[in-house]
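Here are some quick notes for you to read alongside the model. I start in the sheet and then move on to the empty spaces.

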Amino acid sequence: MSLESAGSEPLVLLEQPAPGVALLRLNRPSARNALNMALREELAAHFRRLDACPETRAIILTGSDTVFAAGADLGEMVDASALQLYARHAERHWQAISACSKPVIAAVNGFALGGGCELAMHCDVIVAGESARFAQPEVKVGVMPGAGGTQRLVRAVGKFQALRMLFTGCMVSANEALRMGLVSEVVEDQQTLASALAMAIAIAAMPPIAVAQIKEVVLGGMDLPLEQALTMERKAFQLLFGSCDQKEGMQAFLQKRKPEYIGQ
């Protein structure tokens with residue numbers, strides 16, 4: 001199923017490659033999956049629906065075999081005024097991804113540039129094919145990242161690597177991105193989606209409330225002082241003892257059987 005753009009093909013394809021797993025595929029090949037407003041709106045709508053869907057336990061986001069997303073659509077921006085950009089409130093579309101409680105895995109082959117790199121960084125895990133290339137080249141066209149490219153990048157790779165990328169707009173390879181801490185793993189291009197799918201299936205088999213609490217505590221606590229973050233972690237840990245899945249998981253372990261998690 002997919003959301004239709006008025007008078008055109010869907011810009012985001014929604015597939016279900018395995019139970020509990022949703023696959024979102026960017027589908028704007030003529031523009032190398034450049035992120036125009038229509039694509040962002042479709043993507044945000046999908047994320048909101050999947051976040052509310054109890055059957056969905058993990059989400060994969062990918063592009064084509066040769067490009068993840070080549071950045072923002074400059075044709076929509078070149079003549080825009082500051083007030084016109086403000087009125088678009090593009091941040092609302094990005095927030096639909098960052099606020100998603102489900103684990104999100106980016107499967108990246110080829111270029112993830114500008115907004116495409118920011119899109120990948122909105123995900124929780126990045127599986128990169130060997131062909132993947134990451135960059136924030138906005139400075140080369142007189143601007144800077146505007147969808148988290150400065151803040152998410154510095155949190156991922158640190159000040160010195162982030163500023164090298166941001167000041168020069170340089171492109172980094174998949175293996176360099178792995179060394180920097182920008183991606184989770186690097187695989188052969190033909191294995192990128194398969195590796196992401198295997199991870200998503202493994203996550204989907206876990207207790208969903210525990211997975212959601214892990215994501216919330218990691219993301220919510222990473223910028224807090226340690227003692228406050230530890231308090232958040234402790235409260236979430238205690239909360240999970242009110243779930244049926246906690247009882248099922250521990251009983252299954254003691255009984256040496258496979259647990260069956262129901263998300264309650």
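1. Start with I60, whose bridge partner in β5 is I105. Bear in mind throughout that this is a predicted model. The two strands involved, β3 and β5 (residues 104-108), run parallel and pair over four bridges.

2. I60 also has a partner in another strand: L23 is bridged to it. That contact belongs to the pairing of β2 (residues 21-26) with β3, again parallel, this time over five bridges. Follow the chain here and you'll find that β2, α1 and β3 form a β-α-β unit of the right-handed kind.

3. How many residues of β3 are buried? Five of five, over residues 58-62, so to speak a mostly covered strand. A58, I60 and T62 point one way, while I59 and L61 point the other, and every one of them is buried.

4. On to the cavities. With the 30 Å³ cut-off, the count is one, and its volume is about 60 Å³. Its lining is made up of L35, R40, L43, H93, W94, I97 and L119. Two elements, α1 (37-52) and α3 (91-98), each put in two or more residues, with α3 giving the most at three. By class, the lining has five nonpolar residues, one polar and one charged.

5. The largest pocket holds about 860 Å³ of space. It is lined by 32 residues, and R40, A72, M77, V143 and M144 sit closest to its centre. R40 is worth a second look, as it is also listed in the cavity lining. Helices α1, α2 (82-88), α3 and α4 (115-121) each supply at least two lining residues, and α2 has the largest share with three. The class split is 19 nonpolar, six polar and seven charged.

6. What about the second largest pocket? Its volume is about 560 Å³. Of its 21 lining residues, those closest to the centre are M121, C123, R152, L219 and M222. Two or more residues come from each of α3, α4, β7 (125-129), α5 (151-157) and α9 (208-221).

7. Which element gives the most to the lining of that second largest pocket? It's α5, with four residues. The lining divides into 11 nonpolar, five polar and five charged residues.

Terms used: Residues are numbered from 1 along each chain as its sequence is written. This is a predicted model: local features need pLDDT of at least 70, side-chain atom pairs count only at pLDDT 80 or more; totals for chains, interfaces and linings use all residues. Side-chain values use heavy atoms; hydrogens and water are left out. On a 1 Å grid over the protein atoms alone, a cavity is a set of points where a 1.4 Å probe fits but cannot get out, and a pocket is an open set with protein on both sides within 12 Å along at least five of seven lines; lining residues have an atom within 4 Å of a point. Grid points are joined across faces, edges and corners, and a volume is the space filled by probe spheres set on the points. Ala, Val, Leu, Ile, Met, Phe, Trp, Tyr, Cys and Pro count as nonpolar, Asp, Glu, Lys and Arg as charged, and the others, Gly among them, as polar. Buried means under 20% relative accessible area, exposed over 50%, partly exposed in between (1.4 Å probe, protein chains only). Two strands pair if DSSP finds at least two bridges between them. A crossover is right-handed if, with the strands pointing away from the viewer, the path from the first strand over the helix to the second runs clockwise.
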